[in-house]
Amino acid sequence: MRILNIQKLAISTAALVWVALLLFTMLQVTPAIKYPDFIAGYVTWTAMTKSQDLIVFPLVIISFFGIFVMFMSLFKRLNSLDVEGGIAFAYHIVLWSLPAFSAVSSILIHDRLSEDFIVVSLIGIIALTICVWFSLIKQENINVEKLSVGLLMVLFFSLSPLSFSVVFNIFSFDLARDGIDISLVKKWIIGFFLVAFLIFMFFLVYNRELYYKNLKKIIFIGQISLPLLFLTLYPAKLIELDGKISTYNTSVFFIALVISLMLLGFIDIIRRYIKYGQDLNCYKNFSPLALAALLIAMKFGNTNPPIISPDDYHFGEYLLGWWTYLQGYIPYIDFFPSHGLVNNDFAGFLNFIFYDGTAASIAESQRLAFALLTIILFFAVFSFTKSLLFTSLIVFFLGGRLDLLFLAFFAAVWFRKDLIKNKVKWSVVWFITAPLVILGVPAQGVLLVASSGVFPIYFLFETVRYKDWASVKLIILIILIILIISSVYVITPLGEMVLSIINYVLVNGAINQIAYGIPWSISVDSDGLLFEAVRMSWVVVPTVMLFSLYFLHQKNRLEAHLTLPLLATLFFSILLIPYSMGRIDPGYFSRTGLTGILLIVGFMSLVVWQLLNHYNRIWLIIGMVFLASLLKYVPLSFSPLLTSSNAFINVGQLKNTQETKLSNIGRAKIHEDHWVRLNNLSGVLDDMLEPKESYLDLSSRNAQYFYLDRRPLIPVTAPYNMPSPEQQINAISLLEENIPRLALLEANNVIHDGGGLALRNHYLYRFIIDNYEPIEINGLIVGLSKEALNRGDWGDVILPSRSKKVELFESAFSRHRIDYEKLPVAWGMSNEALDSKMTKVQDIKPLGTNHLEFKNANSYEVTGTDPFIVYDLSSYNLSGQDAGLLKFDFSCSESNAEPKIQIFWEGGAGISEDSSLFFTARNGTVIVPLDSAPRWYLLNKIESIRIDLHDATTCSSFSIHNTTLYKRN
């Protein structure tokens, strides 16, 4: 009999599992050492041996060949008796190979192989093979699906000790009674498994009918302890450095939530056993809640220590949102969560409901947020696929960020066949849920809604085409009802919130690539071809969508429920390109990896699932598992599941901030220098401001507002996140309504690649210089508003001299002699696009040169070691604020290296290195932001400019012409 494709796949995966385990085992084996003589070498220095290396591959080859021959023979015999049985056996062999396949796939990119996944696969394959072999010997029919279900229940039942240890450990309060040790739990799991497995195999071999008869009871017993795993969400006790035991402050609502989830799991298992006890379909006895509990324990079952990240910029994004909303702020209007309500604020909401609302518990609230969204997504995907296996795989592999789970949920809802076939119902659901997508995840949400627009467009086309006036009347009626309901968007801030998001996406979309982007070319050759292929795996999705559309067209299967999800996913993957390819960090999967896991697991898998029949779906499953394992956003090991039962975790030294002025931090581990800096800042603000009085923080350390319990004054709290001139102008308008008395100018500012406030946020920088006087207090640079100073708010505070003022602004916003690298070149290359952003002030002509010989047409030959050109500006009577951009055309001849240009300026005090900046030049136009240097901007009158070729050897000759001063609009 011919071996079918799915059987060939089963043979390959089974052989892969065996070879992987054999390789892993052989590499761990250390044979008895027997050296032939007194020899010194690496092997003897380390007391190792090489004999295992000599036999490993012969064993692998022989084993692979043996597995191949055995399964070929087995499948031929099966096919001669029962082809369907042979296909089912192959299908389940592949399914049991998935854990090992994912573990082996992951080591192509990642470091370590997880043997526990391989062992589980091998157990399943061996058990099924033995049962099938005995059935052939006895010439009996065998139900492979029921065998797999029973074997899965054996594994679930073996987790009972883990489930009960979670319960026991919750009630362990001291180290003398420290709960059940993980090693003991592991031994109990192995013991339970061996007993259950032997009983399982005995009945399958000797009394299979009795096994089939009691399968529903076996399913009940196997999964009845799984809901206890919801208790892994309850935080473990914290062991501090001095041995003191503390706990997270959880609310009664948290306890009620966890217990409710557990009880619902038990109720669902019992309900299904009673309702479907006599049903022929044993899968109806599986509880989705029980499986969800297992997935949550595997992915999110381990307690996070209460650590305060020193990265106040990113950490603050998760702290500020809900805290400001509780104080009356409106999302996207008064405060703009940079990654949306779901990613930034959902955990904060849970923190205030289920924990104590402090920074210490934000990591635990994020764990709970992942768990809750996982449960919601699980039911949405299960409703879509009707397959608990596929649902579990999708939910397991979809990790990385909360917004991925959120977006995948709407794919599972909008792409449902039954919903698409009812265009009126689909339109109503879409109209109601689309704003939620936008509010939850602004940038990607807008793109997803725009991509899903193919649905209503198609429905409208079909309605007009077939003159379905009955549907038109119904749609009009529903639209009227929805419009009435939608008045909530008019009479509440919701409408303004959505418009604000859309405006944000439109305004920032054009600049995000420049403001946050990192080119792929920087790292494309550094980590190898395989890494790059995995990192760019999102490309698989639009490719598969296009080919699927082509083959559907070839087979005349262009049905709406198949075609529309394909088109929506295709458009979404293309619209995401500016995001996915925007920031490609060297050595990391970065946004491309996040996009890949979202599109492959959350979208493509659902869309392609509908295109395939039952057995062909195994190819989709294998492909998804392979790609998702390579990306590896989840741990491919059972170790996290075992450690989820820990009664205690070591957290080191915790600071109790409850009785300090930084009580919002909570009881947490915080770096000492971070703690000192925050206390220093708190002291300065307490001395200068009233309690809870707001201030303007320009350090981009968002979290400081939360720690200090002082509300932010502008929607975008980190200047680094405000590169858009429009956002800066809007922020300035808000500040001008009531200028804050104090601005924090420098406190170890977070700059990243923005170059500081002067370059990243030039309009805000000008506003600060125009409205504030800088002073230095306790190592911090703060700005006191001129308005408050004129009122005498701080009495006779001593302000610095003008020169010191310049130094303070320079320290806060830029650096003297700053290297602008190729920024002037980049701006010069965009000369035409930037022309409307600036106004011409004055053409300037050279006054004299040094170590240069004039050739022709503003071209100079270098004749010495210090070549420069001087421009006299004294007759123009220009201040630093009158003209801040220097634009000229540059050309270098016979260059042996990239030329470096240094520009000096002076206002009567003479040329100095402090009043200068550098940049790397190229032939063409350059635009130099002189006004980003406070020493330029604060000059009352500019006397001269000097342009130096910093290294005279880089150009034998060069030209500078069309030298013009501009002012930003």
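Select Lys386 to begin: in this predicted model, the residue is exposed, with a relative accessible area of 60%. Lys386 sits in the loop between helix H16 (362-385) and helix H17 (388-397), and its phi is near 60°, a positive value in a residue other than glycine.

For another residue with such a backbone angle, go to Ser590, which is not a glycine and yet has a positive phi of about 60°. Ser590 belongs to helix H31 (residues 590-609), and at 14% relative accessibility it counts as buried, because the cut-off for that term is under 20%.

Next, colour helix H5 (residues 115-138), whose 24 residues reach 35 Å from the first C-alpha to the last, close to the 34 Å expected at 1.5 Å a residue. Step just past the end of H5 and you arrive at Gln139, where phi is positive at about 55°.

**The nonpolar cores**

Now show the side chains of Phe71, Phe89, Trp414, Tyr707 and Phe813, which touch the most other members among the 263 residues of the largest nonpolar core. Helix H4 (residues 83-106) supplies the largest share of this core, with 14 residues. Apart from it lies another core, of 38 residues, which includes Ile818, Leu878, Phe888 and Phe890.

Centre the view on Tyr707 and display its surroundings: leaving aside residues up to four places away in sequence, Tyr707 touches, among others, Ile308, Asp312, Phe315, Leu319, Leu662, Ile665, His674 and Leu678.

**Salt bridges**

From that list, keep Asp312 selected and add Arg701, since the two form a salt bridge in which the closest N and O atoms are 3.2 Å apart. This pair links distant parts of the chain, with Asp312 in helix H13 (residues 312-317) and Arg701 in the loop between strand E6 (696-697) and helix H35 (703-708), 389 residues apart. Are the partners buried or exposed? Asp312 counts as buried at 0% relative accessibility, and Arg701 is likewise buried, with a relative accessible area of 8%.

The structure holds 26 salt bridges, and a further one to select is that of Lys655 and Glu672, whose side chains meet at 3.3 Å, N to O. Here Lys655 lies in strand E4 (residues 655-656) and Glu672 in helix H34 (residues 672-688), 17 residues apart. Lys655 is partly exposed, with a relative accessible area of 22%, and Glu672, at 48% relative accessibility, also counts as partly exposed.

Move on to Lys692 and Asp709, which meet in a salt bridge at 2.1 Å, N to O. Lys692 is in the loop between H34 and E6, whereas Asp709 is in the loop between H35 and helix H36 (725-737), and the two are 17 residues apart. Lys692 counts as exposed at 56% relative accessibility, while Asp709 is partly exposed, with a relative accessible area of 23%. Then select Glu693, Arg741, Glu787, Arg791 and Asp793 together, for salt bridges that share partners join these residues into one network.

**Strands E15 and E18, and the disulfide**

Turn next to strand E15 (residues 885-893), which runs antiparallel to E18 and is joined to it by 6 bridges. Across this pairing, Phe888 stands opposite Val926 in E18, and Phe888 is also one of the residues of the 38-residue core visited earlier. Strand E18 (residues 924-929) has 5 of its 6 residues buried, so it is largely enclosed by the rest of the structure.

Remain on E15 and select Cys892 with Cys955, which form a disulfide with their sulfur atoms 1.8 Å apart; a search of the whole structure finds 1 disulfide. The link is left-handed, with -115° about the S-S bond. Cys892 lies in strand E15 and Cys955 in the loop between strand E19 (944-949) and strand E20 (957-968), so the pair ties together parts that are 63 residues apart in sequence. Both Cys892 and Cys955 are buried.

As a last stop, select Cys131, which is in no disulfide and whose nearest cysteine sulfur, that of Cys282, is 15 Å away. Seen from the other side, the closest cysteine sulfur to that of Cys282 is in Cys131, and the 15 Å between them is too far for a bond. Cys131 is buried, with a relative accessible area of 1%, and Cys282 counts as buried at 5% relative accessibility.

Conventions: Residues numbered from 1 in each chain as written. Predicted model: local features only at pLDDT ≥ 70, side-chain atom pairs only at ≥ 80, totals over all residues. Heavy atoms only, no water. Buried < 20%, exposed > 50% of the residue type's maximum accessible area, 1.4 Å probe, protein only. Helix = DSSP H or I, 4+ residues; strand = E, 2+ residues; numbered from the N terminus. Pairing = 2+ DSSP bridges. Core = buried A, V, L, I, M, F, W, Y, C linked by side-chain atoms within 4.5 Å. Contact = heavy atoms within 4.5 Å. Expected span 1.5 Å × (residues − 1). Salt bridge = Lys/Arg side-chain N within 4 Å of Asp/Glu carboxyl O. Disulfide = S-S within 2.5 Å.
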